[in-house]
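Thank you all for coming. I would like to walk through one protein chain with you this morning, beginning with a pair of strands and ending with how the parts of the chain meet.

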Amino acid sequence: MTLTLRSLLAFAALAAAAPKPPRATTTADYVIVGAGPAGFVLAEYLTRDPRLKVVLLEAGPDGDTDPVLTTPAEFIHTGKYMWPYFSQPDPNLGGETPNIVQGRALGGGTACNAMLYCRGSASVFDEWARISGNPGLRWSSMLNSFKATTHWQDGQNINYIQPVNTSMVGNGPLEITRQRELLTLDKPFADKLQATFNLPQIDSQSGNGIGVTQGLQSIRASNSTRQYAYNTFGYLASRRPNFELHHDAWVMKIGFTNTTADKVTYNDTLTGTVNTIKAKEIIVSAGAINSPQILMLSGVGPANQLRALGIPVVKDIPQVGKNLVDHHYAVVQYEAKSQVDTFWQLFENHTRNAIETAKYQANGDGLFGNIVGDVSGAFRLPDSVFAGKGTFHKSLPADRPHMVFQYFAGPFLPGPNVSMVSAFAAVVQPEGSGHITLASANYRDAPLIHSNYWGSAADKAAVVWGYKQLRAIFRSSEIFGKYLVRELNPGEDVVTDDQLWKGIQKTSNSWHHPIGTTALGTVLDANWRVKGLKGLRVVGASAAPKITTCATQATAYAIGHRAALDIAAADRVCLRC
Ligand SMILES: Cc1cc2nc3c(=O)[nH]c(=O)nc-3n(C[C@H](O)[C@H](O)[C@H](O)COP(=O)(O)OP(=O)(O)OC[C@H]3O[C@@H](n4cnc5c(N)ncnc54)[C@H](O)[C@@H]3O)c2cc1C
Ligand SMILES: *[C@@H]1O[C@H](CO)[C@@H](O)[C@H](O)[C@H]1NC(C)=O
Ligand SMILES: *[C@@H]1O[C@H](CO)[C@@H](O)[C@H](O)[C@H]1NC(C)=O
Ligand SMILES: *[C@@H]1O[C@H](CO)[C@@H](O)[C@H](O)[C@H]1NC(C)=O
Ligand SMILES: *[C@@H]1O[C@H](CO)[C@@H](O)[C@H](O)[C@H]1NC(C)=O
Ligand SMILES: *[C@@H]1O[C@H](CO)[C@@H](O)[C@H](O)[C@H]1NC(C)=O
Ligand SMILES: *[C@@H]1O[C@H](CO)[C@@H](O)[C@H](O)[C@H]1NC(C)=O
């Protein structure tokens, strides 16, 4: 083969584009572990001080240019950006092992999630402030963090009604919008929810947690692409010379000198090199499953369990890994008539797929630019549901819903190759909680997740009541008669309460909103520090002491912002340099 000028130039271009071996930094002021929304918001704020060197380590890859990540409807195919976690067999579910996957990429959960944007009921944050002793967590103050992280951008020519209170939005990096057009079942389902439970339409950003919404989403309005932690906060931080971002950097352990955390060891899994960085402060923001895992691997957690695995104990904190609270739900699923917009039409009907591909490529229109089914209703249950089952649910503050019904124009459960719609009944303020333990001292072994879904008699009563209601809504003449063909789950033959409970157990799953496993108030002090240790903080979903009433990404960004302000105040970080 002769070397032409063209091939030489092509070769030179290739050589220039080849990734440089990552620089192995050895010291930093802050090392942040985990590049989800909490980690990236922290990085954006801390790097504002040019005197500081900030390193962010993320175990997962960079998926930023992958259409599966950027295209909203492709979120159902983002499995390669997840930790493939499952619960241990849950006795409450007859031994089922619901999946509790977590985000694993630059962006964390926001790289693979369904993009629903919702803040939930205000009183949850007031409760966090009481539990933690941090007044900055009150709703009135967290509203500033919600605003500082987001802005609202409505689409053009939208002709349906969705209340949005623009004094609840700010001018932060993350764009929030709504879907350009409603799908076939959106309005019928929303109307039926409003009528059945006498609910108002609400703005899910307003602090109002009870009502119906045709979702708000973290999607860029102009071209219908995913807005997430990396292409917002991550891009801002990455412009600064004092920031270093490593993906495929799997943290193995935090090291201590006596009780001061001062180093982080990680495996650069692209090269197989193990590096250690010395740091003045380490902030773990690795999500609700991995944050307690990293603490325990490093000797911080229940001493008896750590010793049994041969892990030297740095600090005995029995509550690390406890208080695993997650929104969980039971599913009804139906075969849909051919005029109903669904994922099946989008991905399995070649005619429709071609139409939708052309629409999306032209200007971001159509089903690909949409998360395909985002109507939800949040409501209180009557006290009678909880009669004789304790006071937990009845005494929740009046602004909080017990339950959310959410509809989805695709299958939550495996089923036949037909067009399907489904919906779930979720208990969003569960009384029961699960916990996390280590499987071994090896950082590569998935932690053991004990989900404990429907973990109290009252939680169980709530889902049984809700499941019957949800099924009744789908079997109503307004919905079934016009749009559906047959019930697939729990199934037409399910009649008795006993059969129904089995149907609930078989279809129970996680809404992927775990929180609480390194909580403020128990594990953490009011400024996000691990109690009894120096140089170590935990920020993100795992720090939340109680669960919010709806999807959790909005809160994870706001937690990152609140923590950045608290850390800056304590450590004299200059945020306006
Ligand atoms: C499938 C799915 C769907 C969801 N849908 C929605 C939704 O539609 N709307 C909504 O509001 N919320 C949704 N959520 C929840 C939301 O995304 C999370 O609450 C949020 O991302 C939590 O933020 P975080 O920063 O605390 O942690 P995460 O986003 O979980 O980020 C933690 C990061 O740390 C990394 N990490 C973990 N261990 C290590 C280690 N040892 N070394 C280095 N890095 C490590 C992880 O890979 C991850 O990138 C969903 C979550 C999932 C998983
Ligand atoms: C919008 O929010 C502001 C500020 O919280 C509030 O005063 C106002 O009443 C809200 N408006 C509506 C229509 O809800
Ligand atoms: C969407 O638009 C933004 C802003 O113009 C741009 O930066 C981004 O690359 C676009 N995304 C895609 C996938 O085209
Ligand atoms: C660690 O603790 C030991 C025993 O209390 C003490 O002698 C030593 O000075 C401490 N080291 C540091 C670096 O603080
Ligand atoms: C580091 O990661 C590589 C790639 O996954 C793996 O082959 C290697 O065994 C790891 N090294 C250690 C010490 O865990
Ligand atoms: C496939 O899509 C086309 C175009 O939307 C539609 O006319 C047809 O009914 C669909 N087929 C099925 C089996 O639903
Ligand atoms: C499902 O059915 C459609 C339409 O009949 C077909 O094109 C598609 O290949 C099928 N998919 C699978 C996974 O069998």
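**Strand β15 and its partners**

Let me start with a single pair of residues: tyrosine 30 has glutamate 281, in strand β15, as its bridge partner. Before I go further, please keep in mind that what you see is a predicted model.

The strand that pairs with β15 here is β1, residues 27–33, and the two, with β15 covering residues 273–284, run in the parallel sense over six bridges. There is also a side-chain link, since lysine 280 forms a salt bridge with aspartate 29, with the closest N and O atoms 2.8 Å apart. Why might we care to mark this pair on the sequence? Lysine 280 belongs to strand β15 and aspartate 29 to strand β1, so the salt bridge ties together parts that are 251 residues apart in sequence. For the wider picture, the count of salt bridges in the model comes to 24.

Strand β15 has further partners, and one of them is β14, residues 260–268, which pairs with β15 in the antiparallel sense, again over six bridges. If you look for a pair of residues to fix this in your mind, lysine 263 stands opposite lysine 278 of β15. The hairpin of β14 and β15 has four residues between the strands, and within this hairpin glycine 272 takes a positive phi near 75 degrees.

Another partner is strand β26, residues 536–538, which runs parallel to β15 and is joined to it by three bridges. Here valine 284 is the residue that stands opposite valine 538 in β26.

As a general remark on strands, the side chains of a regular strand alternate between the two faces of the sheet.

**A four-stranded open sheet**

Turning to another part of the model, we find an open sheet of four strands, ordered β5-β9-β7-β6, in which the pairing is mixed. Which strands are the edge strands? They are β5 and β6, the latter covering 150–152, and each of them pairs on one side only. Further in, strand β7, residues 174–178, pairs with strand β9, residues 216–217, in the antiparallel sense over two bridges, and arginine 178 stands opposite leucine 216 of β9.

**Two backbone details**

Two places in the backbone deserve a pause. A cis peptide bond joins asparagine 489 and proline 490, with omega at about 5 degrees, and proline 490 sits in the loop between β24 (484–489) and α14 (497–507). Tryptophan 454, for its part, has a phi near 50 degrees, which is a positive value in a residue other than glycine; this tryptophan 454 is found in the loop between β23 (448–450) and α12 (457–474).

**Where the two domains meet**

Finally, let me step back to the chain as a whole. The domain assignment gives domain 1, made of 25–84, 100–152, 241–323, 437–446 and 514–577, and domain 2, made of 180–214, 328–427 and 454–507. The C-alpha centres of these two domains lie 31 Å apart.

How many residues of each domain are in contact with the other? The figures are 23 residues of domain 1 and 24 residues of domain 2. The size of an interface is often given as the accessible area lost when the parts come together. In this model, domain 1 and domain 2 bury about 1700 Å² between them, with 60% of it on carbon and sulfur atoms.

Across the interface there are eleven residue pairs in polar contact. On the side of domain 1 that touches domain 2, the elements giving two or more residues are β5 (116–117) and α4 (123–132), and α4 supplies the largest share, three residues. By class, this side of domain 1 has 13 nonpolar, seven polar and three charged residues.

The count of salt bridges between the two domains is one. Glutamate 127 forms a salt bridge with arginine 400, and their closest N and O atoms are 2.8 Å apart.

How values were computed
Residues numbered from 1 in each chain as written. Chains lettered and ligands numbered in written order. Predicted model: local features only at pLDDT ≥ 70, side-chain atom pairs only at ≥ 80, totals over all residues. Heavy atoms only, no water. Domains from an automatic or database assignment. Contact = heavy atoms within 4.5 Å. Buried area = accessible area lost by both parts, 1.4 Å probe. Salt bridge = Lys/Arg side-chain N within 4 Å of Asp/Glu carboxyl O. Polar contact = N/O pair within 3.5 Å; in protein donor to acceptor, adjacent residues only side chain to side chain. Nonpolar A, V, L, I, M, F, W, Y, C, P; charged D, E, K, R; others polar. Pairing = 2+ DSSP bridges.
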